[in-house]
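Trainee: Could you walk me through one part of this structure up close? I'd like to look at the sheet and what surrounds it.

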Amino acid sequence: MHRLYENDDIVVFWNSEKCFHAKRCVHGSPGCFDPKRKPWIDLKQAETKEIWQAISECPSGALSCLYRHEIDVKMDADNCRSVAFDGDKEIGECNYRVNEEGWNIYHTGVQDDYKGKGIAKRLVYKILEEAERNCVEISATCSYAKKVIES
Ligand code: SF4
């Protein structure tokens, strides 16, 4: 299971397949990480600094985070894509095709000026999260998306 969480400052990625429940995150920031709550991660419940520190101590790599850079990433399911915006300006997208097996991601792209900020990973995660919530199988012919799925 892949999940994406955001506050004004950061974006948090969680890959449940890597998590071996060592609970370092829970000890590091009990407000943010609460296994008894749904969703179990709530970035509003602690300061960003505390959350960042707790994530840095995750031994499995299940949790990771990046600065948000004031970029929004949204689903555009009608057009089979996730989209990144800087204000009103579209600056990246990740596209998939619907086939018999599920959704196949075939392209991920971010404008040159915005590269190196983790936006492509957010775009892929947005689609993974949406597919999992809809119980749809996901695959990728886009080499970048494939790397994110397998990492
Ligand atoms: S610290 Fe990492 S491995 Fe441990 S419970 Fe949290 S996410 Fe899972």
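Trainee: Which residue in β3 does Val11 stand opposite?

Mentor: Val11 has Leu66 of β3 across from it. Keep in mind as we go that this is a predicted model. Now zoom out a little from that pair. Strand β2, covering residues 10-15, is joined to β3 by five bridges, and the two run antiparallel. As a bit of background, strands in a sheet pair through backbone hydrogen bonds, and the pairing can be parallel or antiparallel.

Here's the whole sheet: it's an open one with three strands, in the order β1-β2-β3, and the pairing is antiparallel. The edges belong to β1 (2-6) and β3 (63-67); each has a single partner strand, so one side of each has no neighbour in the sheet. Ignoring direction, neighbouring strands here are turned by 20° against each other on average.

Next, the helices. Helix α2, residues 48-56, packs on the sheet and touches β2 and β3, with its direction at about 135° to that of β3. Helix α3, residues 119-133, packs on the sheet too, but touches β1, β2 and β3; its direction makes about 120° with that of β1.

Finally, take a look at the ligand. The residues surrounding it include Trp14 and Leu63, along with Cys19, Cys25 and Cys58. Sorted by class, the shell around the ligand holds eight nonpolar, two polar and two charged residues. And the space the ligand takes up is the largest pocket.

Conventions
Residues are numbered from 1 along each chain as its sequence is written. This is a predicted model: local features need pLDDT of at least 70, side-chain atom pairs count only at pLDDT 80 or more; totals for chains, interfaces and linings use all residues. Side-chain values use heavy atoms; hydrogens and water are left out. Two strands pair if DSSP finds at least two bridges between them. Helices (H or I, at least four residues) and strands (E, at least two) are DSSP runs, numbered from the N terminus. Axes are lines fitted to C-alpha atoms, for helices over the stretch in contact, and angles run from 0 to 180 degrees between N-to-C directions. Contact means heavy atoms within 4.5 Å. A residue is near a molecule or strand if one of its heavy atoms lies within 4 Å of it. On a 1 Å grid over the protein atoms alone, a cavity is a set of points where a 1.4 Å probe fits but cannot get out, and a pocket is an open set with protein on both sides within 12 Å along at least five of seven lines; lining residues have an atom within 4 Å of a point. A molecule sits in a cavity or pocket if more than half of its atoms lie within 2 Å of its grid points. Ala, Val, Leu, Ile, Met, Phe, Trp, Tyr, Cys and Pro count as nonpolar, Asp, Glu, Lys and Arg as charged, and the others, Gly among them, as polar.
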